[in-house]
Amino acid sequence: MSIKLPFFKSKREAPIQVDELKHVPEHVAIIMDGNGRWAKKRGLPRIAGHKEGMDVVKRTVEIAVHYNIKILTLFAFSTENWKRPKSEVEYLLKLPKDFIHTYLPDMIKNNVRIETIGDFDSLPEHTKEAVQYAKDKTKDNDGLLLNFALNYGSRKEIMRAIKLIMKDLDNQQLDLDNLDEEIVSKYLYTEGLSDPDLLIRTSGERRLSNFLLWQLAYTEFWFTDVLWPDFKEEIFVEALLDFQKRSRRYGGI
Ligand code: IPE
Ligand code: IPE
Ligand code: MG
């Protein structure tokens with residue numbers, strides 16, 4: 001696989017070598033924020049920012065593949081994003097199809113497996129169809145797992161888990177005395193996935209906006225003022241370099 005990207009520590013320094021990163025985060029989660037503001041700054045409609053953001057997703061996936069990141073979870077549409085004007089919601093829910101139409105061959109070439117977390121069933125038919133197609137086409141790929149959080153809200157996810165657990169307690173599939181964190185994790189959309197090691201949020205906002213509340217318990221956070229459509233290779237690398245310096249103690253010493 002040959003992905004040629006210009007990796008720079010800063011504009012004046014030499015490109016970053018893959019082996020300079022001693023601790024590559026296995027799972028990176030990104031809150032891709034700032035598309036609307038990016039468009040507004042240019043006097044464009046908000047959807048122009050979303051379109052640009054879609055192309056940045058493709059480049060971000062290539063960087064993740066290059067650095068051997070195993071899981072990339074991208075917050076694409078939240079359960080709260082339904083509050084936006086109908087035309088914007090429609091555009092956002094059409095983007096997965098556009099992304100797949102444009103980039104599925106690249107994803108396949110890069111051995112990427114596409115999955116989603118969130119309330120899939122409540123998405124429009126055309127969104128579900130396109131995404132399901134991509135999932136089926138890539139299901140045997142064993143490279144990067146590209147995990148889109150689509151119609152995802154963490155509190156809804158936790159509520160759903162509680163209900164499923166109650167049901168399984170009721171029908172004796174589960175035993176209350178054995179119920180522990182590991183079992184609860186299995187009832188979340190992220191079942192079977194390691195927790196994110198690194199969370200990135202763009203656009204200067206420093207909040208979680210209902211993203212992965214359970215899974216981010218011991219994740220390292222990295223924020224940047226850069227708006228998502230401007231998220232370039234060197235910014236991702238900056239986050240990865242910063243991650244090298246983190247000392248993860250998990251409550252130990
Ligand atoms: C992120 O950009 C994309 C989604 C939330 C779907 P925004 O649309 O939130 O852009 P801002 O935050 O308004 O600039
Ligand atoms: C979070 O961004 C959701 C996604 C990136 C999909 P928002 O723009 O919706 O979050 P708030 O409203 O600023 O908290
Ligand atoms: Mg936003």
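## Helix α7 and its cover

Helix α7 is mostly covered, since nine of its 12 residues are buried. This description, like everything that follows, rests on a predicted model. The buried residues of α7 are E233, I235, F236, V237, A239, L240, D242, F243 and Q244. Their cover includes two strands from the later part of the pattern, β5 (198–201) and β6 (220–223), together with β1 (27–31) and helix α2.

The length of α7 can be checked by simple arithmetic. The helix runs over residues 233–244, and at 1.5 Å a residue its 12 residues should span 16 Å; the C-alpha atoms at its ends are 17 Å apart, which agrees.

## Overall architecture

The protein contains seven helices and six strands. Followed along the sequence, these elements come in the order β-α-α-β-α-β-α-β-α-α-β-β-α. The radius of gyration is 19 Å, close to the 18 Å that the globule rule gives for 253 residues, so the protein is as compact as a globular protein of that length. Along the principal axes, the C-alpha trace spans about 60 × 50 × 35 Å.

Contacts between residues at least 6 apart in sequence show how the chain is folded back on itself: 76% of them join residues at least 24 apart. Of the 253 residues, 49% count as buried.

## Surface and charge

The accessible surface of the protein comes to about 13700 Å², and carbon and sulfur atoms account for 50% of this area. Among the side chains, 39 are positive and 40 are negative. The centres of these two sets lie 7 Å apart.

## Helix α2 and the segment before β1

Helix α2, one of the elements covering the buried residues of α7, occupies residues 46–66. The same length check applies here: 21 residues at 1.5 Å each should span 30 Å, and the end C-alpha atoms are 31 Å apart, which agrees. Just after α2, N68 takes a positive phi of about 65 degrees.

V18 belongs to the segment before β1. When neighbours within four places in sequence are left aside, V18 is in contact with H66 and Y67. Residue 66 is the last position in the range given for α2. V18 counts as partly exposed, with a relative accessibility of 34%. The C-alpha atoms of V18 and L213 are separated by 31 Å, and the two residues are 195 residues apart along the chain.

## Two loop residues with distant partners

W82 is placed in the loop between β2 (71–78) and α3 (86–109). Not counting residues up to four places away in sequence, W82 touches F77, V89, L93, S122, P124 and N151. One of these partners, N151, is 69 residues from W82 in sequence, yet the two C-alpha atoms are 8.7 Å apart in space. Even with these contacts, W82 is partly exposed, at a relative accessible area of 38%.

D195 lies in another loop, the one between α6 (181–186) and β5. Apart from neighbours within four places in sequence, D195 is in contact with H27 and Q215. D195 and I71 are 124 residues apart in sequence, while their C-alpha atoms are 9.7 Å apart in space. D195 counts as partly exposed because its relative accessibility is 41%, a value that falls between the limits of 20% for buried and 50% for exposed.

## Residues with a positive phi

Most residues other than glycine have a negative phi. Departures from this pattern are therefore worth locating in the structure. L212, which is not a glycine, has a positive phi of about 50 degrees. Y250 is also a residue other than glycine, and its phi is near 50 degrees, a positive value.

Is L212 buried or exposed? L212 is buried, with a relative accessible area of 1%, and its place is in the loop between β5 and β6. Those two strands are among the elements that cover the buried residues of α7. Y250, by comparison, lies in the segment after α7 and counts as partly exposed, at 48% relative accessibility.

Terms used
Residues numbered from 1 in each chain as written. Chains lettered and ligands numbered in written order. Predicted model: local features only at pLDDT ≥ 70, side-chain atom pairs only at ≥ 80, totals over all residues. Heavy atoms only, no water. Helix = DSSP H or I, 4+ residues; strand = E, 2+ residues; numbered from the N terminus. Rg over C-alpha atoms; globule rule 2.2 N^0.38 Å. Buried < 20%, exposed > 50% of the residue type's maximum accessible area, 1.4 Å probe, protein only. Contact = heavy atoms within 4.5 Å. Areas by Shrake-Rupley, 256 points an atom, 1.4 Å probe, with all protein chains shown as cover. Lys, Arg positive; Asp, Glu negative; His and termini not counted. Charge placed at Lys NZ, Arg CZ, Asp CG, Glu CD. Expected span 1.5 Å × (residues − 1).
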